Structures are given as structure tokens and as C-alpha cells.
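Please look over the fold below before reading on. This report covers its sheet, its cores, its ring pairs and some backbone details.

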Amino acid sequence: SGILYPDYRNTETILLWGFNPGAVWLDQATQIAAAKARGARIIAVDPRAAGYARGADHWLKLRPGSDLPLAMGLLRQLIERRGYDEVFVRRWTNAALLVRADSGAFLRAEDIGETGRTGAYVAWNGAPVFYDAGRRSFDADAAGLSLRGRFVVAGIECRPAFDHLCEAVQAYSPEHVARMTGVAPEAQEK
């Protein structure tokens with residue numbers, strides 16, 4: 001398939017992270033200009049006041065090489081504010097898949113004795129739910145899948161991948177991120 005890019009026509013906010021489409025992808029630059037003309041906001045993450053950072057509604061000027069702490073801090077805020085699409089996260093990411101406490105690997109069907117489902121991943125909604133990566137689908141409605149918690153499945157302790165992410169971002173308070181990136185806490189919250 002061709003290279004896909006965001007649906008600029010229907011977005012209210014465009015995040016350009018170290019990306020200047022005016023210099024490298026003119027079709028995207030044209031679509032971003034049209035989106036901005038109809039009211040879309042531009043957020044630019046870039047150490048330099050170049051390209052879209054100059055005219056952005058919000059410019060996050062970070063220290064070179066400090067992208068990871070900024071990303072972790074922004075993820076922390078999105079999670080705390082529930083500013084993400086839970087339906088999308090459950091259905092289209094690995095967030096609901098269970099991670100084994102003993103190995104850090106995703107729990108597989110054969111790990112819990114489900115030999116007829118070899119290779120399938122396991123999620124939880126009060127009972128095991130299986131994900132077939134080949135078909136890209138769960139064997140039950142994804143809406144009820146657990147994103148947080150600790151579970152013991154066939155004697156194996158595990159947690160959803162999203163729960164691990166939530167734990168990993170906790171150290172990235174706005175103040176900590178500011179020290180690492182140079183981006184003030186109030187700028188991170190807009």
C-alpha cells in the first residue's frame with residue numbers, strides 16, 4: 001500500500017514532532033495550510049524555530065535528544081486526563097494484551113493450555129480472550145477488555161500492556177520533564 005498520512009481535513013489539532021512537511025512533503029504542507037485556514041491548531045515539537053514551529057499555535061522548544069522524556073510526560077498527562085480513545089486503544093493496539101510477570105513476554109494461548117489456538121495472544125475480560133494476529137481480531141468484543149489490573153491466568157501472573165505503560169510514565173511529572181527537556185510545565189499542559 002502507499003504511504004498513509006493523517007486526515008488533515010477532519011482534524012482540529014495537528015502535532016508536528018520534528019517534522020517540517022514544507023521542506024520534505026509539499027502535498028502534506030498544502031493540506032496542513034488548508035486545515036489551519038479552516039481553524040485547525042498546529043503544535044510543533046522542535047528545538048529550532050524553523051518551518052512550522054515559527055507559526056505554530058503552540059511550540060514546544062525542547063533540548064535536542066530529549067524527545068523521549070517529553071513523550072513520556074505527555075503520555076502521562078493523556079492517561080491521567082483520560083484524553084485518549086479507549087475503544088481505539090483496546091481494539092487497535094496491544095494495550096489489552098497480557099504481559100507475563102515472570103518473563104515480560106506477551107501471554108500466549110499455549111501458555112495456558114489452549115493448544116487449539118497456538119500463537120494467539122491473551123487479553124482479559126473476567127476470563128481469557130484470545131487475539132489472532134493473522135486475522136487481526138479478538139474472539140470476543142474488545143470493548144470489555146481490561147486495560148489495568150493484575151490477573152492470574154492458569155497460574156501465571158500477568159498485567160495488560162497498558163498497565164505497564166501507566167507505570168512507566170509515572171516518573172515523568174511535568175516538573176521532571178521540564179528539567180530534562182527545557183519545556184516549562186505550563187507549556188506541557190496546553
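What follows goes from the sheet to the cores, then to rings and loops. The model is predicted.

**The three-stranded sheet**

Three strands form an open sheet in the order β1-β2-β3, and their pairing is parallel. β1 covers residues 13-17 and β3 covers residues 58-60. Both stand at the edges with a single partner strand each, so one side of each has no neighbour in the sheet. From one strand to the next, the twist averages 15°.

How many bridges join β1 to β2? There are five, and the two strands run parallel. Leu16 is set opposite Ala44 of β2. On the β3 side, β2 (residues 41-45) pairs over three bridges, again in the parallel sense. Here Ala44 has Trp59 of β3 as its bridge partner. Ala44 therefore faces Leu16 and is bridged to Trp59.

Helix α4 packs on this sheet and touches β1, β2 and β3. The direction of α4 makes about 155° with that of β1. Is β2 enclosed or open to its surroundings? Four of its five residues are buried, so β2 is largely enclosed by the rest of the structure.

**The loop after β3**

Ser66 sits in the loop between β3 and α4. Its relative accessible area is 5%, so Ser66 counts as buried. Beyond its neighbours within four places in sequence, Ser66 contacts Met180 and Thr181.

**Two nonpolar cores**

The largest nonpolar core holds 25 residues. Ala123, Phe138, Leu145 and Phe162 have the most contacts inside this core. Which elements each supply at least two of its residues? They include helices α4 (67-80) and α6 (161-169), along with strands β5 (121-124) and β6 (128-132).

Leu145 shows how this core is put together. Setting aside neighbours within four places in sequence, Leu145 is in contact with Arg90, Ala96, Ala123, Trp124, Asn125, Val129 and Phe138. Two of these partners, Ala123 and Phe138, are themselves listed with Leu145 among the residues with the most contacts in the core.

A second core is separate and has 12 residues. Among them are Leu107, Val153, Ile156 and Cys158.

**Aromatic pairs and a charge over a ring**

The model has four aromatic pairs. Two of them are set out here.

| Pair | Centre distance | Plane angle | Type |
|---|---|---|---|
| Tyr84 and Phe162 | 5.4 Å | 45° | tilted |
| Phe106 and Tyr121 | 5.8 Å | 80° | edge-to-face |

The pair of Tyr84 and Phe162 links distant parts of the chain, 78 residues apart. Tyr84 is in the loop between α4 and α5 (86-92), while Phe162 belongs to helix α6. Is Phe162 buried or exposed? Its relative accessibility is 7%, so Phe162 counts as buried. Phe162 also appears among the residues with the most contacts in the largest core.

Phe106 lies in the loop between β4 (98-100) and β5, and Tyr121 is in strand β5. This pair therefore ties together parts that are 15 residues apart in sequence. Phe106 has a relative accessible area of 29%, so it is partly exposed.

Arg91 adds a charge to the picture: it lies over the face of Trp92, at 4.3 Å from the ring centre.

**Two loop residues with positive phi**

Most residues other than glycine have a negative phi. Two exceptions are described below.

Arg82 is not a glycine, yet its phi is positive, at about 55°. Arg82 belongs to the loop between α4 and α5. What is its relative accessible area? The value is 54%, so Arg82 is exposed.

Ala154 also has a positive phi, near 50°, without being a glycine. Ala154 is found in the loop between β8 (151-153) and β9 (156-160). At 59% relative accessibility, Ala154 counts as exposed.

Conventions:
Residues numbered from 1 in each chain as written. Predicted model: local features only at pLDDT ≥ 70, side-chain atom pairs only at ≥ 80, totals over all residues. Heavy atoms only, no water. Core = buried A, V, L, I, M, F, W, Y, C linked by side-chain atoms within 4.5 Å. Buried < 20%, exposed > 50% of the residue type's maximum accessible area, 1.4 Å probe, protein only. Contact = heavy atoms within 4.5 Å. Pairing = 2+ DSSP bridges. Axes fitted to C-alpha atoms, helices over the stretch in contact; angles between N-to-C directions. Phe/Tyr/Trp six-rings, centres within 6.5 Å; stacked < 30°, edge-to-face > 60°. Lys NZ or Arg CZ within 6 Å of the ring centre and 35° of its normal.
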